[in-house]
Amino acid sequence: MSTVDLHLHSHHSDGLLSPSELAAVLAAHAIQFCALTDHDTVAGLDEFADAATKVGITTIPGIELSTDWRGKTLHVLALGIDPSARIITEAVQHRLTVRRERAQQIASKLDRAGQPGSEALRRFNQHGAPTRTHFAQALVALGAAASMDIAFKRWLSQGQPGYVKTEWPSLSDTLRTITQGGGTAVLAHPLRYRLSAGQRRTLLTDFKSEGGVAIEVVTGGAAMHQIETATGLALRAGLEASQGSDCHDPSLAWQRPGRLAKLPSALVPVWHRFGFKGD
Ligand code: AMP
Ligand code: MN
Ligand code: MN
Ligand code: MN
C-alpha cells in the first residue's frame with residue numbers, strides 16, 4: 001500500500017469532499033504524506049493542512065495549474081509552493097478569471113445548442129474555480145446527459161458544441177511561476193494528453209529545460225504497462241517521479257487514495273526533496 005499521494009482534489013475545485021473530509025479519508029487509508037492540488041486554486045490549503053495535521057498526516061502546499069503547450073492544454077502540479085507569494089496569487093487570480101469567463105462562454109454555447117447551459121451555470125455560479133466537471137454534473141442533474149462521461153463526450157470535449165478553447169498561460173510561463181513561487185513542477189498524468197510519441201519526447205525536453213522536475217509515473221487507475229511507459233519516459237528524460245491518485249471522489253475505486261502501485265525502484269521519488277523518506 002502506498003502512503004504518499006501528491007495529487008488530490010477537494011470541493012474548492014471539482015472534488016467531492018471538503019478539505020477536512022478528504023483528510024479524514026486519507027487517514028483512514030493510512031496516507032502519511034500528501035498534497036491537495038486543486039485546479040487553479042489554493043483556497044483549500046489552510047483547512048487541509050490543519051485537518052491533516054490533527055490526524056497525523058504531513059502535507060505540502062500544492063496546486064494543479066492549467067497551462068498551454070503548443071496549443072494543447074496540459075496540467076502541471078506545483079508542489080511545495082508558497083501560496084502567499086505574489087507570483088502565485090497573481091497566477092491563480094488570472095486563471096480563476098479565465099475560468100469564470102470561460103464558464104459564461106460554455107453556458108452560452110450550450111444554450112445555442114439547445115441545452116440548459118445557463119441553467120447549469122446557475123447551479124454553481126458562485127463557485128471559486130468553475131470547471132467543466134461542474135457543467136457535466138449539472139447537465140446530468142438536469143437530465144440533459146445520462147452520465148458524466150456522456151456529458152463530456154457529447155457536449156464538453158474538444159470539438160463538441162459546449163467546448164471553448166481556453167488561452168491558458170504557456171508552459172514556460174507556468175514553470176517560471178512555479179519555480180519563482182518556491183515550488184517543484186510535476187507534469188500531471190503525462191499519458192493522458194493526445195500526443196504522438198515524438199511530441200511527448202519534445203514536451204518532456206521542453207519541460208525539463210524550462211525548470212520541470214518530475215512527471216507523474218503512478219496515477220490513479222494506471223495499468224502496469226502505463227506505469228512502465230511512464231517510467232521509461234522519466235528515465236530517458238532524466239526527470240524525477242511522482243505518484244498521486246488524482247482523487248476527486250474516493251467512492252470511485254480507481255481513484256481511492258492508498259491503493260497506488262509502488263514506484264519502480266529505478267526512479268527518484270520527487271517527495272525525497274521534501275524530506276519524506278517513506279514509500
Ligand atoms: P477543466 O479544467 O475545467 O477543463 O476540467 C477538466 C476536468 O474535467 C478534469 O480535471 C477532470 O476532472 C474532468 N474530466 C475531463 N474529462 C472527463 C470525463 N470524460 N469524465 C469525467 N470527468 C472528466
Ligand atoms: Mn478535475
Ligand atoms: Mn489533471
Ligand atoms: Mn487532477
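The questions and answers below concern a predicted model, taking its metal sites, one histidine, a helix and a strand in turn.

Me: Which protein residues are the donors of the manganese ion (ligand 4)?
Reply: Along the chain the donors follow the spacing H-x1-H-x54-E-x181-D. They lie 2.1 to 2.2 Å from the ion. With their donor atoms, they are His-7 (NE2), His-9 (NE2), Glu-64 (OE) and Asp-246 (OD).

Me: How many residues apart are His-9 and Asp-246, two donors of the manganese ion (ligand 4)?
Reply: Both His-9 and Asp-246 are among the donors of this ion, and both are buried. His-9 sits in the loop between strand S1 (4-8) and helix H1 (19-28), while Asp-246 belongs to the segment after S8. The pair links distant parts of the chain, with a separation of 237 residues.

Me: Which residues does the protein supply as donors to the manganese ion (ligand 2)?
Reply: The spacing of the donor residues in sequence is D-x24-H-x208-H. Each donor set member lies in the range 2.1 to 2.2 Å from the ion. The donors are Asp-14 (OD), His-39 (NE2) and His-248 (NE2).

Me: Which parts of the chain hold Asp-14 and His-39, and how many residues apart are they?
Reply: Both residues are donors of the manganese ion (ligand 2). Asp-14 is in the loop between S1 and H1, and His-39 is in the loop between strand S2 (33-36) and helix H2 (45-54). The pair therefore ties together parts whose separation in sequence is 25 residues.

Me: Are Asp-14 and His-39 buried or exposed?
Reply: The cut-off for buried is under 20% relative accessible area. Asp-14 has a relative accessibility of 9%, and His-39 has 7%. On that basis Asp-14 and His-39 count as buried.

Me: How far apart are the manganese ion (ligand 2) and the manganese ion (ligand 3)?
Reply: The manganese ion (ligand 2) has two distances to report. From the manganese ion (ligand 4) it is 4.6 Å away. From the manganese ion (ligand 3) the distance is 5.6 Å.

Me: Which residues does His-134 touch, leaving out those up to four places away in sequence?
Reply: His-134 is found in helix H5 (residues 132-141). Its relative accessible area is 9%, so His-134 is buried. The residues it touches are Ser-13, Asp-14, Phe-124, His-127 and Ala-129.

Me: Why are the buried residues of H7 on the same side of the helix?
Reply: In helix H7 (residues 171-180) the buried residues are Leu-171, Thr-174, Leu-175, Thr-177 and Ile-178. What covers them includes strand S4 (62-69), strand S5 (72-79), helix H3 (86-112), strand S6 (184-187) and helix H8 (197-209). They are on the same side of H7 because the arc they cover around the axis is only 155°.

Me: Which residues of S8 are buried on each of its faces?
Reply: In a regular strand, side chains alternate between the two faces of the sheet. Strand S8 (residues 240-244) is mostly covered, with five of its five residues buried. One side has Glu-240, Ser-242 and Gly-244, and the other has Ala-241 and Gln-243.

Me: In S8, what is the bridge partner of Ile-215?
Reply: Strand S7 (residues 214-219) and S8 run parallel and are joined by five bridges. Together with helix H9 (residues 224-237), they make a right-handed β-α-β unit. The bridge partner of Ile-215 in S8 is Ala-241.

Terms used
Residues numbered from 1 in each chain as written. Chains lettered and ligands numbered in written order. Predicted model: local features only at pLDDT ≥ 70, side-chain atom pairs only at ≥ 80, totals over all residues. Heavy atoms only, no water. Buried < 20%, exposed > 50% of the residue type's maximum accessible area, 1.4 Å probe, protein only. Helix = DSSP H or I, 4+ residues; strand = E, 2+ residues; numbered from the N terminus. Pairing = 2+ DSSP bridges. Right-handed = clockwise from strand over helix to strand, strands pointing away. Arc of directions from axis to C-beta. Contact = heavy atoms within 4.5 Å. Donors = N, O, S within 2.8 Å, 3.2 Å for Na, K, Ca; no water.
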